[in-house]
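Here is my note on the model you sent, set out as numbered points. Please read it with the sequence and the structure open beside you.

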Amino acid sequence: MSIETVRAFFRSLGREGDILEFPVSSATVELAAQAAGVVPARIAKTLSFLVDGGCVLIVAAGDAKIDNSKFKQAFSTKAKMLTPEQAVEMTGHAVGGVCPFANPEGVRSYLDVSLRRFETVFPAAGSSNSAIELTCQELERFSGCAGWVDVCKGWQQEELS
């Protein structure tokens, strides 16, 4: 079970007790925001893409959307999301619980700059009713990400208005 893998991962870091398990679904940004009691933008959604036959995860703010031209520039391919079946097969996590933790070797994670405006964010923790509150620095360290990218749009409008 995916949350068990994530729980074991955070246990090894002394952070297992920080995993939040909700009595309701947190499978979408809106549901996760309601469950965690935060604005939707602070939900760190993990989007899974097929790149060069492998899996690339983009962790972005809840109010951000993939910008296809930025994605293509960063990864030299069109943004093609994994099917729900591919997500389970390639990450071990079902859609709604896909997260940048405890993934199989070869899965590459990137953090989108849309997250940097928040002190803490809430990525999923391996199930459709879990999350963990982390600083961006903790998210970077615990996810073992390959780096920060700028592949999203839509989130800057809030700051400009």
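1. In what order do the six strands of the open sheet run? This is a predicted model, and in it the order of the open sheet is 8-6-2-3-5-9, with mixed pairing. Strand 8 (134-135) and strand 9 (148-149) stand at the edges with a single partner strand each, so one side of each of them is left without a neighbour in the sheet.

2. At the edge formed by strand 8, the partner is strand 6 (residues 120-123), and these two strands pair in the antiparallel sense over two bridges. Within this pairing, Val121 stands opposite Leu134 of strand 8.

3. On the cysteines, the count of disulfides comes to zero, where a disulfide would require two cysteine sulfur atoms within 2.5 Å. Cys99 is in no disulfide, and the cysteine sulfur nearest to it, that of Cys55, is 11 Å away; Cys99 also counts as buried, at 0% relative accessibility. Cys136 is likewise in no disulfide, with the nearest cysteine sulfur, that of Cys145, 10 Å away, and Cys136 is buried with a relative accessible area of 7%.

4. Turning to the pockets, the largest one has a volume of about 350 Å³. Its lining comprises 22 residues, of which Ala27, Lys45, Thr46, Gly96 and Val98 are the closest to its centre. Two or more residues of this lining come from each of helix 2 (29-36), strand 2 (43-51), strand 6 and strand 7 (130-132), and strand 2 gives the most, with six residues. Sorted by class, the lining of the largest pocket has 14 nonpolar, seven polar and one charged residues.

5. Two backbone angles deserve a look when you go through the loops. Ser76, which lies in the loop between helix 3 (68-75) and helix 4 (84-91), has a positive phi of about 55° although it is not a glycine. Ser76 counts as exposed, at 66% relative accessibility, since the cut-off for exposed is over 50%.

6. The second of these angles belongs to Ala102, in the loop between helix 4 and strand 5 (108-112), where phi is near 55°, again a positive value in a residue other than glycine. Ala102 has a relative accessible area of 24% and is therefore partly exposed, a class that lies between the limits of under 20% for buried and over 50% for exposed.

Terms used:
Residues numbered from 1 in each chain as written. Predicted model: local features only at pLDDT ≥ 70, side-chain atom pairs only at ≥ 80, totals over all residues. Heavy atoms only, no water. Pairing = 2+ DSSP bridges. Helix = DSSP H or I, 4+ residues; strand = E, 2+ residues; numbered from the N terminus. Buried < 20%, exposed > 50% of the residue type's maximum accessible area, 1.4 Å probe, protein only. 1 Å grid on protein atoms, 1.4 Å probe; cavity = no way out; pocket = protein on both sides within 12 Å on 5 of 7 lines; lining within 4 Å. Points joined across faces, edges and corners; volume = space filled by probe spheres on them. Nonpolar A, V, L, I, M, F, W, Y, C, P; charged D, E, K, R; others polar.
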